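Here are a few exercises to work through with the structure open in your viewer. Try each task before reading its solution.

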Amino acid sequence: MDDARVMLETHEMPTHWYNVVADMSTPPSPPLGPDGNPATPEQMGAIFPGQILEQEMSAERWIPIPEAVREVYKIWRPSPLMRAVRLEKALDTPARIYFKYEGVSPAGSHKPNSAVPQAYYNREAGIRRLTTETGAGQWGSSISFAGQMFGLEVRVYMVKVSYGQKPYRRLMMQTWGAEVFASPSELTETGRRILSQDPDSPGSLGIAISEAVEEAAGRADTNYTLGSVLNHVLLHQTVIGLEAKKQFDKIGAYPDVIFGPCGGGSSFGGIAFPFLADKAAGEKRAEGLRCVAVEPSSCPTLTKGAYAYDFGDASGFTPLMKMYTLGHDFMPPGIHAGGLRYHGDSPLVSQLYHEGLLEAVAVPQVETFEAGLLFARNEGIIPAPESCHAIRATIDEALRCRERGEPKTLLFNLTGHGHFDMSAYERMLAGQLENFDYPAEAIASSLAHLPKLNEG
Ligand SMILES: Cc1ncc(COP(=O)(O)O)c(C=O)c1O
């Protein structure tokens, strides 16, 4: 069968998400409240609906995808599995390079895979409004689209620098009917406090999370949504890997190595976990499978962080989670892959990495964009800066295959297109992009502020 573009019919879309917790040898460490005791469902219930909380805690292997969610998924799912034949030729490699293309969604990335069910479960719970934060705008535009699909109002706190730099992402959200405010804003206690200390604050993801959570916690008709990190988000993203497995079955192939960019870990978990399930089930074809998370060397959470309990946001508003972290007050350098500038990582990805079931590699910014450019010039699709990280690592593996004469099958997650990131490409083309050294001192100093309970 021709494997240039492997498609599934609409009716072949998965009917269930896969929950990796069912196959983990040790149960995940629970999120902790401010007193160091496990966070109670009541605490979390102030900002999340019951069905999302159930998914967050569930150990069931298969969780049904509601029919109403599948109806919206049909706008762009199943997404194609494609073979990068021209890139293979350009690299003169015996490796076969496949990618799962998530840029075909309305928002242009994998993020709607979770935004749609999150909006649905909130509407089912009688919620009228959603809040969220966004940095570069991928998550904010996804939840704006999803809210519109289910008749919910959406308010987005957008990090102030991005609000200025990414007017088209802001306009996308407004086109889908959302209200967008530059964060820090005058609308919340957190925003007002920060503005009183620093009226010119450029904002940060941590501040924007605090504002969105504060508003949701204070209003009964409003809930909060998060675009990565939490178990339920990774669960929703497994639709990527489940489809990819069916597509590989169609062409009688199976990957040897899977690469994905890793920010909060949702798209990486989403593509990798369904394949890890085969490993857990003792399937022979998965014996040698490797799954590699790719992160920026300027924000090397898995490769240089500590495995410890830490806050999910900068202000210490969220429960504590056991994860690889660079410290919640670590301020990563201003690289162009905004979606990978997060101090922590998904607790599920963190634990599986800690247990040796996943691998991680960090790549520098300039080489990452070079890989994105090579991909665009051979395959046509202009990748998001985050996705370029996976492409870099895939190309490096394909070149090793060339040296060793190994015809491996490689799969990477092309998590989004880069149409709203052209200013980064402009800098690349003008030779103005730079690498940031791994900020060892900054990481050491923020790790010194990890919550005290790690010492006990
Ligand atoms: C295109 C794209 N890829 C990857 C990521 C990283 O997020 P995650 O690790 O949750 O998939 C982002 C985050 O914004 C993104 O926009």
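**Exercise 1. The ligand shell**

How do the residues of the shell around the ligand divide into nonpolar, polar and charged? Then work out which helices contribute to the shell.

Solution. Keep in mind that this is a predicted model.

- Step 1: sort the shell by residue class, and you get six nonpolar, twelve polar and one charged.
- Step 2: look at who sits nearest. Out of 19 residues around the ligand, the nearest are Ser228, Gly263, Ser267, Gly339 and Gly416.
- Step 3: turn to the helices. At least two shell residues come from each of H6 (138-149), H12 and H16 (385-404). H12 gives the most, with three residues.

**Exercise 2. The seven-stranded sheet**

Find the strand order of the open sheet of seven strands, and say which strands stand at its edges.

Solution.

- Step 1: trace the pairings across the sheet. The order comes out as S1-S4-S5-S15-S10-S11-S14, and the pairing is mixed.
- Step 2: check the ends. S1 (5-6) and S14 (359-363) each have a single partner strand, so one side of each lacks a neighbour in the sheet.
- Step 3: zoom in on one pair. S10 (residues 257-261) and S11 (residues 290-296) are parallel, with five bridges between them. To see the register, pick Phe259, whose bridge partner in S11 is Val292.
- Step 4: add the helix from Exercise 1. H12 (residues 266-280) lies across S5 (96-101), S10, S11 and S15 (409-414), at about 160° to S10.

**Exercise 3. The four-stranded sheet**

Which order do the strands of the open sheet of four strands have, and what is the average twist from one strand to the next?

Solution.

- Step 1: read off the order, S8-S7-S6-S9, with parallel pairing.
- Step 2: find the edges. S8 (179-183) and S9 (222-224) have one partner strand each, so each has a side left without a neighbour in the sheet.
- Step 3: go from strand to strand and average the twist, which gives 25°.
- Step 4: inspect an inner pair. S6 (residues 129-134) and S7 (residues 153-159) run parallel and are joined by six bridges. Thr132 stands opposite Val156 in S7.

**Exercise 4. Two helix pairs**

Classify the packing of H9 with H10 and of H2 with H11.

Solution. A packed pair is described by the angle between the two axes and the distance between them.

- Step 1: H9 (residues 189-197) and H10 (residues 205-217) pack at about 140°, with axes 8 Å apart. Angles over 145 would count as roughly antiparallel, so H9 and H10 are oblique to each other.
- Step 2: list the contact. H9 brings Glu189, Thr190, Gly191 and Ile194, while H10 brings Ile207, Ser210, Glu211 and Glu214. By class, that contact has two nonpolar, three polar and three charged residues.
- Step 3: now H2 (residues 50-57) and H11 (residues 231-251), at about 85° and with axes 7 Å apart. That makes H2 and H11 roughly perpendicular to each other.
- Step 4: list this contact too. Ile52, Gln55 and Glu56 of H2 meet Asn231, His232 and Leu235 of H11. The classes here are two nonpolar, three polar and one charged.

**Exercise 5. The whole chain**

How many helices and strands are in the chain, and how does its radius of gyration fit the globule rule?

Solution.

- Step 1: count the elements, which gives 18 helices and 15 strands.
- Step 2: compare radii. The chain has 21 Å, close to the 23 Å from the globule rule for 456 residues, so it is as compact as a globular protein of that length.
- Step 3: box the C-alpha atoms along the principal axes, and you get roughly 60 × 50 × 50 Å.

How values were computed
Residues are numbered from 1 along each chain as its sequence is written. This is a predicted model: local features need pLDDT of at least 70, side-chain atom pairs count only at pLDDT 80 or more; totals for chains, interfaces and linings use all residues. Two strands pair if DSSP finds at least two bridges between them. Two residues are in contact if their C-beta atoms, placed from the backbone, lie within 7 Å. Axes are lines fitted to C-alpha atoms, for helices over the stretch in contact, and angles run from 0 to 180 degrees between N-to-C directions. A residue is near a molecule or strand if its C-beta atom, placed from the backbone, lies within 6 Å of it. Ala, Val, Leu, Ile, Met, Phe, Trp, Tyr, Cys and Pro count as nonpolar, Asp, Glu, Lys and Arg as charged, and the others, Gly among them, as polar. Angles under 35 degrees count as roughly parallel, over 145 as roughly antiparallel, 65 to 115 as roughly perpendicular and the rest as oblique. The radius of gyration is taken over C-alpha atoms; the globule rule is 2.2 Å times the number of residues to the power 0.38.
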